[in-house]
Amino acid sequence: MKNDMIESTQNEKIKNLTRLLTKNSDRKKAGVFIVEGRQENERAQNFGFEPTEFFICEKIFDGKVPQGKINYVSEKIYGKIAYRGTSEGIIGIYKTKENNLQNFQPTENASVIVVESVEKPGNLGAILRSCEAFGIDALVVTDAKVDFYNPNVIRSSVGCLFGMNVFQTSNEELYDFLQKSNFSICTTIMAENAEMLSERDFTKKAAVLFGTEHSGLSEFWKGKGENTLIPMSGTIDSLNLSNAVAITCYEILRQRL
């Protein structure tokens, strides 16, 4: 056993980590976020995020110990600080990066997914995973209700957040950006004049916008894009937000293959 092994929840480092894990305001104030799991930590480092320190349980962790400040913890302590209990044995603290939409330079056939007022971290994480898997160029969240660096977002995205262009902005700024950048805007609003997803041309610059599951896109977006719907043959008239985004991302990739 290492002499500096942390074995108490009263240790100041553990207290600080617990605050960062549970309080979004503390993470924002410190300018950091938390990453749990070997794959997620490897992705964060591979995509250039700067770690400040790690908490590792040697009895569980079987990967290469990363460069940086290492705090070794007992198996009991790791089980208390890790969301997934005894899985993988590593938690990292990283500095956040500020991403400005105005710095995004879209290509001539760039694809952008926009989600307005998304509230559930798990949904946002699943959306990030689909966007990364199907090669979407950027994900934009307007009127954000959840932080990209929320531990549940990182966990459910399996670290896909780190390799994506992700932005948080207002509806007004986004609309101005899409117009100036010559994007076609596809809104997902239930309307009689809506066209099916497969009828849209995604081989050119396009943005697809999604609203909340309970109320859809806000009034701001009505009349500002071409209504686009996913064809369905069942009795239900809507899908879970992350599922709708995944289907759309696949259609965009399909047209570009």
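In this predicted model, the lining of the largest pocket consists, by class, of 14 nonpolar, eight polar and three charged residues. The protein has 257 residues, of which 47% are buried, and its secondary structure amounts to eight helices and eleven strands. Two open sheets are described below, one of four strands with mixed pairing and one of seven strands with parallel pairing.

**Overall dimensions and contacts**

- The C-alpha trace of the protein spans about 70 × 40 × 35 Å along its principal axes.
- Of the contacts between residues at least 6 apart in sequence, 76% join residues that are at least 24 apart.

**The largest pocket**

- The largest pocket holds about 580 Å³ of space.
- Its lining comprises 25 residues, and those closest to the centre of the pocket are Thr188, Met190, Leu229, Asp237 and Ser238.
- At least two lining residues come from each of strand S10 (206-210), strand S11 (226-229) and helix H8.
- Helix H8 provides the largest share of this lining, namely three residues.

**The second largest pocket**

- The second largest pocket holds about 330 Å³ of space.
- It is lined by 15 residues, and Lys97, Glu98, Asp147, Tyr149 and Gln168 are the closest to its centre.
- Helix H2 (24-30) and strand S7 (166-169) are the elements that give two or more residues to this lining.
- Strand S7 gives the most, with three residues.
- By class, the lining of the second largest pocket has six nonpolar, four polar and five charged residues.

**The four-strand sheet**

- The order of strands in this open sheet is S1-S4-S2-S3, and the pairing is mixed.
- Strand S1 (32-36) and strand S3 stand at the edges with a single partner strand each, so one side of each has no neighbour in the sheet.
- On average, neighbouring strands of this sheet are turned by 20° against each other, direction ignored.
- Strand S2 (residues 51-56) and strand S4 (residues 90-95) run antiparallel and are joined by five bridges; within this pair, Glu53 has Ile93 in S4 as its bridge partner.
- Strand S2 also pairs with strand S3 (residues 70-72), in the parallel sense and over three bridges.
- Along the pairing with S3, Phe55 stands opposite Asn71, and Ile56 has Tyr72 as its bridge partner.
- Helix H3 (residues 38-46) lies across S1, S2 and S4, and runs at about 25° to S4.

**The seven-strand sheet**

- The strands of this open sheet follow the order S7-S6-S5-S10-S8-S11-S9, with parallel pairing.
- Strand S7 and strand S9 (195-196) are the edge strands, each of which pairs on one side only.
- Four bridges connect S8 and S10, which pair in the parallel sense; the bridge partner of Cys186 in S10 is Val208.
- Helix H5 (residues 121-133) packs on the sheet and touches strand S5 (111-116), strand S6 (138-142) and S7. The direction of H5 makes about 155° with that of S6.
- Helix H8 lies across S5 and S10 and runs at about 170° to S5.

**Two residues in contrasting settings**

- Thr187 is located in strand S8 (residues 184-187).
- Thr187 is classed as buried because its relative accessible area is 1%, where the limit for a buried residue is under 20%.
- Leaving aside residues up to four places away in sequence, Thr187 touches Leu209, Leu217, Trp221, Gly225, Glu226, Asn227 and Thr228.
- Leu257 lies in the segment after helix H8 (241-256).
- Leu257 is classed as exposed because its relative accessible area is 81%, where the limit for an exposed residue is over 50%.
- Between Leu257 and Thr203 the C-alpha to C-alpha distance is 9.5 Å, and the two are 54 residues apart in sequence.

Key. Residues numbered from 1 in each chain as written. Predicted model: local features only at pLDDT ≥ 70, side-chain atom pairs only at ≥ 80, totals over all residues. Heavy atoms only, no water. Buried < 20%, exposed > 50% of the residue type's maximum accessible area, 1.4 Å probe, protein only. 1 Å grid on protein atoms, 1.4 Å probe; cavity = no way out; pocket = protein on both sides within 12 Å on 5 of 7 lines; lining within 4 Å. Points joined across faces, edges and corners; volume = space filled by probe spheres on them. Nonpolar A, V, L, I, M, F, W, Y, C, P; charged D, E, K, R; others polar. Pairing = 2+ DSSP bridges. Contact = heavy atoms within 4.5 Å. Axes fitted to C-alpha atoms, helices over the stretch in contact; angles between N-to-C directions.
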